[in-house]
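Reader: Please show me the model and explain how its salt bridges and buried residues are assigned.

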Amino acid sequence: MKRIFMMVLRNIFMVPFAWFRLCYRASHVDKYTEEDMYEFLRWIDLHANKGGSVHIDVHGLENLPKKDGFVFFPNHQGLYDVLAIIDACPRPFSVVAKKEIANIPFLKQVFACMKAYMLDREDVRQAMQVIINVTKEVKNGRNYLIFAEGTRSKKGNLVGTFKGGSFKCATKARCPIVPIALIDSFKPFDTNTIRPVTVQVHFLKPLEYEDYKNMKTTEIAEAVQNQIQKTIDANL
């Protein structure tokens, strides 16, 4: 976590002000529009990345659907992943994340601002309710991000196995599925270095409902996983 310390140190004069505003917004989410909240998070993200010598190299913004109401499916490399995508993506989105990270300082406040759902993988009933809620919100035009691997791969740029069940929200909402290939996103927070690092974020061509309506969720998962790994291999 040396890089987090460097991010704080290099932004020492703005950190108290930004932290107060972040905590306040996290406790009063209904006072702000989703667009306003997202721009605020991007502002914090920008300063953190500059302070931490993290550069985001973005590709494929033209692949974002023109209409909101889609789901991102990135590979999951580390704790920094969501922050990389916030920096790269101009469109607001929320997150479905595992409850184990719900109390990590800073991420806790960020997820609160995004009105994220924290998933309890041991509670089937709660997991089903999350699927129902996210499906309804995607149909109403909100965008979401789901890590189909379920947990960090811990293998760097080698993608773990995507789980078919993670795609149920998208298939029930009949929405575009947007794969995201993250490259070196594990380096900022999951390695013990403060050297400058470039994280690549590739927004890949979406799968429209017509593309996957006859596929099983396991087949969709395999197709998205392969597309992401192929992009990573081509850009390393």
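The exchange below takes up three salt bridges and the residues that form them.

Author: This is a predicted model, in which local features need pLDDT of at least 70 and side-chain atom pairs count only at pLDDT 80 or more, while totals for chains, interfaces and linings use all residues. Residues are numbered from 1 along each chain as its sequence is written, and side-chain values use heavy atoms, with hydrogens and water left out.

Reader: Why is the contact of R142 and E34 called a salt bridge?

Author: A salt bridge requires a side-chain nitrogen of Lys or Arg within 4 Å of a carboxyl oxygen of Asp or Glu. The N to O distance for R142 and E34 is 2.7 Å, so the pair qualifies. By this rule the count comes to 9 salt bridges.

Reader: What makes R142 buried or exposed?

Author: Buried means under 20% relative accessible area, exposed over 50%, and partly exposed in between (1.4 Å probe, protein chains only). R142 has 15% relative accessibility and therefore counts as buried. E34, at 29%, is partly exposed.

Reader: How do you know that D120 and K99 form a salt bridge?

Author: Their closest N and O atoms are 3.4 Å apart, so the criterion is met. D120 is buried because its relative accessible area is 16%, whereas K99, at 42%, is partly exposed.

Reader: Why is D184 called buried, and what is K187 called?

Author: D184 has a relative accessible area of 14%, so the term buried applies. K187 has 29% and is therefore partly exposed. The side chains of D184 and K187 meet in a salt bridge with an N to O distance of 3.6 Å.
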